[in-house]
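This briefing concerns one protein chain and its ligand. Please examine the sequence and the model below before reading the notes that follow.

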Amino acid sequence: MGLTGRAQTLFEGITRGDRMSLARAITLVESSRADHRKQAGALVSACSRVPRPKTLRIGLTGTPGVGKSTFIESLGMLLLRKGHRVSVLAVDPSSARSGGSILGDKTRMQDLSVAEGAFVRPSPSRGSLGGVARNTMDSIILAEAAGFDVCLVETVGVGQSETMVADMVDMFVLLLQPGSGDELQGVKRGIMELADLVVINKADGALELPAKLTRSEINNALHLMVPRRPAWTPKCLRASAVTGYNLERVWDTVLKYFDGLGHEWDALRAEQREKWMWREVHDLLMARIRRDEGTRLFAESLKADVLAGGVSPGVAAELIVERFISLKT
Ligand code: GDP
């Protein structure tokens with residue numbers, strides 16, 4: 001599909017590296033209006049064809065207060081000094097659920113957000129988590145076309161947002177605080193299994209020693225896990241976003257990880273695209289099924305039996321899908 005009018009202007013702005021055009025394009029991607037969706041689709045496709053050197057997509061997660069924004073601010077500034085152009089995007093499940101947001105409420109990344117060479121975008125405050133995540137995937141592509149070669153995607157360590165972010169990035173980093181080793185029983189363990197790198201932040205002052213202890217606990221736990229990639233064993237490092245301690249080492253480790261990806265890199269990107277295509281298929285189908293009056297009424301008529309246990313949810317689901325297909329063909 002060719003670009004017209006607004007999409008064409010935005011495309012030209014983006015490929016010039018203009019941040020304002022990039023911000024406007026992301027707003028277009030986030031819009032739910034049918035004509036905007038069409039323009040956005042064409043724009044994202046055009047941007048994904050812009051030839052660029054390899055980019056690094058890095059996901060970052062951690063519970064509120066662990067130091068994500070401080071860490072991204074410090075690491076981001078370090079990367080600017082190294083000549084990178086850094087974009088920061090966010091997927092915030094709290095904004096999708098409640099309209100409030102964990103990530104966006106405070107003034108964040110004060111230096112980075114105004115620095116030349118950086119682009120910081122808060123998580124949109126509307127939309128389902130799936131929708132927000134999908135828009136983020138598109139925003140990564142737009143930011144890369146604008147010449148941002150490192151993309152940091154931040155998310156809060158709750159809910160399903162980590163899995164979604166892990167599916168859209170090349171490397172996933174988990175931030176922990178000193179003393180948080182115990183939390184890794186249960187729920188957090190699932191998150192740790194996604195991590196290619198664990199950073200124990202706040203390794204400074206009185207927290208230096210606890211940070212060492214937590215690091216060895218995490219290292220023990222990492223050794224027991226099955227690595228996600230054959231060529232990479234997840235690492236754990238201590239760092240301090242405030243003093244800058246070990247940030248260079250964190251970045252070296254990130255680069256080693258990317259070096260190690262080698263020819264797997266292209267496969268990884270292809271895998272990401274495929275996963276997102278299927279997520280999209282899933283979401284579109286669900287939206288169509290929900291909108292279809294006949295199917296909705298049929299599902300409604302089954303509901304009482306499902307709730308009472310007379311029909312199993314699996315059988316009901318199959319009947320609903322069959323009904324939807326038969327109504328459409
Ligand atoms: P977020 O909610 O994960 O984004 O966390 P913030 O970046 O807002 O940080 C939460 C608090 O931890 C703030 O008071 C920060 O100043 C503090 N903090 C962040 N990084 C460090 C660090 O490396 N060392 C110390 N001592 N405090 C930190």
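Into how many nonpolar, polar and charged residues does the shell around the ligand divide? It divides into four nonpolar, seven polar and five charged residues, where Ala, Val, Leu, Ile, Met, Phe, Trp, Tyr, Cys and Pro count as nonpolar, Asp, Glu, Lys and Arg as charged, and the others, Gly among them, as polar. The model is predicted, so local features need pLDDT of at least 70 and side-chain atom pairs count only at pLDDT 80 or more, while totals for chains, interfaces and linings use all residues. Residues are numbered from 1 along each chain as its sequence is written, and side-chain values use heavy atoms, with hydrogens and water left out.

**Ligand surroundings**

- Of the 16 residues around the ligand (a heavy atom within 4 Å of it), Gly 65, Lys 68, Thr 70, Asp 204 and Ala 241 come nearest.
- A polar backbone atom of Ala 241 lies 2.8 Å from an oxygen atom of the ligand.
- The protein buries 71% of the 570 Å² that the ligand exposes when taken alone, with accessible areas from the Shrake-Rupley method and a 1.4 Å probe.
- In the side chain of Ser 240, an N or O atom is 3.3 Å from an oxygen atom of the ligand.

**Lys 202 and Asn 246**

- Lys 202 has a polar side-chain atom 3.2 Å from an oxygen atom of the ligand.
- This lysine, Lys 202, is in the loop between strand E6 (197-200) and helix H10 (208-223); helices (H or I, at least four residues) and strands (E, at least two) are DSSP runs, numbered from the N terminus.
- Lys 202 has a positive phi near 65°, although the residue is not glycine.
- Its relative accessibility of 24% makes Lys 202 partly exposed, the class between buried (under 20% relative accessible area) and exposed (over 50%), with a 1.4 Å probe and protein chains only.
- Asn 246, in the loop between strand E7 (235-238) and helix H11 (247-261), likewise has a positive phi, near 70°.
- At 14% relative accessibility, Asn 246 counts as buried.

**Helix H1**

- Ala 7, Leu 10, Phe 11, Gly 13 and Ile 14 are buried in helix H1 (residues 5-15).
- These residues lie on the same side of H1 because they cover an arc of only 165° around the axis, taken from the directions from the helix axis to the C-beta atoms.
- Gly 5 and Thr 9 are exposed on the other side of H1.

**Asp 170**

- Asp 170 is in the loop between helix H8 (161-168) and strand E5 (171-176).
- Asp 170 counts as buried, at 0% relative accessibility.

Conventions:
A polar contact is a pair of N or O atoms within 3.5 Å; within protein, one must be able to donate a hydrogen and the other to accept it, and residues adjacent in sequence count only if both atoms are side-chain atoms.
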